[in-house]
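Please look through the sequence and the model below, and keep both at hand while you read. The paragraphs that follow move from one pair of strands to the whole protein and then back to single residues.

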Amino acid sequence: MPDESTLRKNYLEDIYKDTLTKIREHIKDGPIWVSIDETTDVEGRYIANAVIGKLDSDADVDSKPFLLNCEVLEKCNHSTISRFFDASMHILWPSGVLNEKVLLFLSDAAPNMVKAGQSIQVFYPKIIHVTCIAHALHRVAETVRSLFSDVDSLISSVKKVFLKAPSRIKMLKDLYPDLCLPPEPI
C-alpha cells in the first residue's frame, strides 16, 4: 500500500479531474438546481457545501445529486455564501457560467441564506430561491414552545428522566412494551 503522501501527490488531482469530468458530462449545459448549506467543523471553522443536480422533465433520466464544492469560509454571511455560490458555478463551467441554466437554489431559511439568495438573483436572473420548510416549521414550534413554558419544563423533565438513565428505559420497556419513548429533538 503506498504512503498517503504518495497517493495525494500522484493520484488525487487525477481523480479530482476525472470526477469533475463525470459531473460535467452528466450536467452538460443544465438546467440545474443548486443546494448550499453551511456548518462548522470540530475546530469551529465555517464549512460551506454545494450540491448540484440536473433538472429534467424526463422521469426516466437519473437526477443524481453531486457534491460539487466544499470550502472553508472566513466567516459565514450572505456575501461569503454568494461568492461561494459563484465560485461553485465556475468550477462546473470554467469556460463561462451559463447563468440562464441555473434555475433553482435550495437552502435553509437562515437570514444570511435568504439575503444570499436575493443577491444571487442579480447575477442569475432565472433562479428561484426555495428555503427549507422544515426550518420554518421549527421556528414556529420554537415560538409555541416559548409561549408555554410550563409544558416545555414538563417535557424537559420527562426527557431527563429517560435520557440520563438506561435502567429506567429498560424498566419502562419491561412494564409497557408497546409504549414509545419521547421523541428525540432534531
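Which residue in β4 does Trp33 stand opposite? In this predicted model, the residue opposite Trp33 is Leu104 in β4. That position belongs to a pairing in which β1 and strand β4, made of residues 102–107, run in the parallel sense and are joined over four bridges. Strand β1, which covers residues 32–40, is also joined to strand β2, residues 46–54, but here the two strands run antiparallel and nine bridges connect them. Within this antiparallel pairing, Glu38 stands opposite Ala48 in β2. Five residues lie between the strands of the β1 and β2 hairpin, and in this hairpin Gly44 takes a positive phi near 85 degrees. When you follow any such strand by eye, it helps to remember that in a regular strand the side chains alternate between the two faces of the sheet.

With these strands in mind, the reader can step back to the whole chain. The protein holds seven helices and five strands, and from the N terminus on its elements follow the order α-α-β-β-β-α-β-α-β-α-α-α. Its radius of gyration is 23 Å, whereas a compact globule of 186 residues would have a value near 16 Å. The C-alpha trace spans about 65 × 50 × 40 Å along the principal axes of the protein. Of the 186 residues, 25% are buried, and the protein exposes about 12800 Å², with carbon and sulfur atoms supplying 60% of that area. Among the contacts with a separation of 6 or more, 53% are made by residues that are 24 or more positions apart.

The aromatic rings offer an example of parts distant in sequence being brought together. A pair of aromatic rings is described by the distance of the centres and the angle of the planes. How many aromatic pairs does a search of the whole structure find? The search finds two. One of them is formed by Phe85 and Phe105, whose rings are 5.3 Å apart from centre to centre with 80 degrees between the planes, an edge-to-face arrangement. Because Phe85 lies in helix α3, residues 78–92, while Phe105 lies in strand β4, this pair ties together parts that are 20 residues apart in sequence. Phe85 counts as buried because its relative accessibility is 1%, and Phe105, also at 1% relative accessibility, counts as buried too. The rings of Phe85 and Tyr124 have their centres 5.1 Å apart and their planes at 75 degrees, and therefore this pair is edge-to-face. Since Phe85 is in helix α3 and Tyr124 is in the loop between α4 (111–123) and β5 (128–131), the pair ties together parts that are 39 residues apart in sequence. Both Phe85 and Tyr124 are buried, and Phe85, Phe105 and Tyr124 form one aromatic cluster.

A polar residue can be followed in a similar way. Asn69 is found in strand β3, which covers residues 66–73. Is Asn69 buried or exposed? With a relative accessible area of 10%, Asn69 is buried, because buried means under 20%. The side chain of Asn69 is joined to the side chain of Ser88 by a polar contact of 3.0 Å. Leaving out residues up to four places away in sequence, Asn69 touches Ala48, Asn49, Ala50, Phe84, Ala87, Ser88 and Ile91.

The last stop is the loop between α2 and β1, where two residues deserve a look. Lys28 lies in this loop between α2 and β1, and at 56% relative accessibility Lys28 counts as exposed. Most residues other than glycine have a negative phi. Lys28, however, has a positive phi of about 55 degrees although it is not a glycine. Pro31 has its place in the loop between α2 (12–27) and β1 as well, and with a relative accessibility of 24% Pro31 counts as partly exposed. Where does the chain around Pro31 make its contacts? Apart from neighbours within four places in sequence, Pro31 is in contact with Gly53, Lys54, Leu55, Lys101 and Leu103. From Pro31 to Leu104 the distance is 8.9 Å in space, C-alpha to C-alpha, although these two residues are 73 residues apart in sequence. Leu104 brings the reader back to the start, as Trp33 stands opposite Leu104 in β4.

Definitions and conventions: Residues numbered from 1 in each chain as written. Predicted model: local features only at pLDDT ≥ 70, side-chain atom pairs only at ≥ 80, totals over all residues. Heavy atoms only, no water. Buried < 20%, exposed > 50% of the residue type's maximum accessible area, 1.4 Å probe, protein only. Polar contact = N/O pair within 3.5 Å; in protein donor to acceptor, adjacent residues only side chain to side chain. Contact = heavy atoms within 4.5 Å. Pairing = 2+ DSSP bridges. Phe/Tyr/Trp six-rings, centres within 6.5 Å; stacked < 30°, edge-to-face > 60°. Rg over C-alpha atoms; globule rule 2.2 N^0.38 Å. Areas by Shrake-Rupley, 256 points an atom, 1.4 Å probe, with all protein chains shown as cover.
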